[in-house]
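I set out to look up two items in this model: one helix pair and one serine. My notes follow the structure.

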Amino acid sequence: MVTSNGNSLDDTTIEILSRLPVKSLIRFRCVCKSWYSLVKDPNFIYKHLRNDDNIRLTVRYTVANEEDEYDDTDSYFSFFPDETLTDLSLQKLDPQRSEAVAIVGPYDGIFCLFRCNTFITLWNIATKEYRVLPKCKVLLPHYTTIQDTDVAFGFDFSCNAYKLVSILTLWDKKRRLQYELSHIVVYNLSTNSWRGYKGFEMKYYYMNYRGNSTCLNGVCYWIVLEDFDSKVILSFDMKDEVFQEIKTPCNPKSTLGELALFNDSLSLLVLDEKEKCFDLWLMKERCWTKQFTVGPLLEVYEPLALWKKDSFFVESSNGELLLYDTSTQEMRDLGLRCLWFSIYIYRESLITLKGEDSLLGNCDIPWHILGV
């Protein structure tokens, strides 16, 4: 590989370095000029990002606080440094940044932290960098205020730019009920600017309560309730900036689902509450195909996320974090017992958020066609 600065390294060295944690690579930048240039090179950053050795499990959870009678729960945001999950030691992340905010993502290793529409920050856990986005000055209809916010972060391949879309649910203060239309604002990191426009009719409610979204090939997806009745998938194309509705592949009234990515496809992991069986569905060209069925698995509350090699995380009825391996049909207890879980499958990323080297604010290279 020849880096963007013209330095050449042999393939074996590059392959070894691409499998190392970000913390080690940042430390190795001082070894020589070639290694320093490699770690900053977009081609290497993309190669490192795609390597499965850099996948980590991140979990946000709430436990009972038995010491403080005025605060009965404690919330944590932590990750498992061992990507094989052989060592179940947890490493806590910055609680001041993660408390009292919603967390979505990650996309390309970048998390988005937000609190309504007043605070939005991008966060690279591996590099420990933050980027606070400029406040969005939203022009709302008369007598309305922002009631709720749902965010997604992804990449628009048509213009090689990272974008953040925010769906604002409005409250009509005069009529004292929810406003009939949502309001949409889109932030383009390349231009460092917001743009707002009228959204869709508010027949959708209760965005996925875990506050998460999934992005694939320039399209963002949420699970929502339609008219307080059945679950559907709401999609947003970052190129055309158009919303569409996608029907789920199963009875939306009797199943709980979790959107994820599996084999480069949008997937839906659902629990049949009656049969206590899990189904994994994959969507290609807007058609659903069932990948597998597992179960019955008793004492399981709901699915949380997909993991490597056809395994997935579930929450037990006793508040335990479990990992089920479909190949061995074994259930593994990961040692966490909590009141509430939210799982994030995280790829360590070398993408920098600050300064002239930031690939988020100046995407000159088309990431979807980068060579390795």
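I took a polar contact as a pair of N or O atoms within 3.5 Å; within protein, one must be able to donate a hydrogen and the other to accept it, and residues adjacent in sequence count only if both atoms are side-chain atoms. The model is predicted: local features need pLDDT of at least 70, side-chain atom pairs count only at pLDDT 80 or more, and totals for chains, interfaces and linings use all residues. Residues are numbered from 1 along each chain as its sequence is written, and side-chain values use heavy atoms, without hydrogens and water.

Entry 1, the serine. I located Ser349 in the segment after strand S26 (340–347); strands are DSSP runs of E of at least two residues, helices runs of H or I of at least four, numbered from the N terminus. I noted a polar atom of the Ser349 side chain 3.0 Å from the backbone oxygen of Asp108. The Ser349 side chain also reaches the backbone nitrogen of Ile351, at 3.1 Å. Is Ser349 buried or exposed? I found Ser349 buried (under 20% relative accessible area, exposed being over 50%, partly exposed in between; 1.4 Å probe, protein chains only), at a relative accessible area of 0%. Leaving aside neighbours within four places in sequence, I listed its contacts (heavy atoms within 4.5 Å), including Val22, Leu49, Asp108 and Asn124.

Entry 2, the helix pair. I looked up the contact of H1 with H4 and found that its residues divide into three nonpolar, two polar and two charged (nonpolar: Ala, Val, Leu, Ile, Met, Phe, Trp, Tyr, Cys and Pro; charged: Asp, Glu, Lys and Arg; polar: the others, Gly among them).
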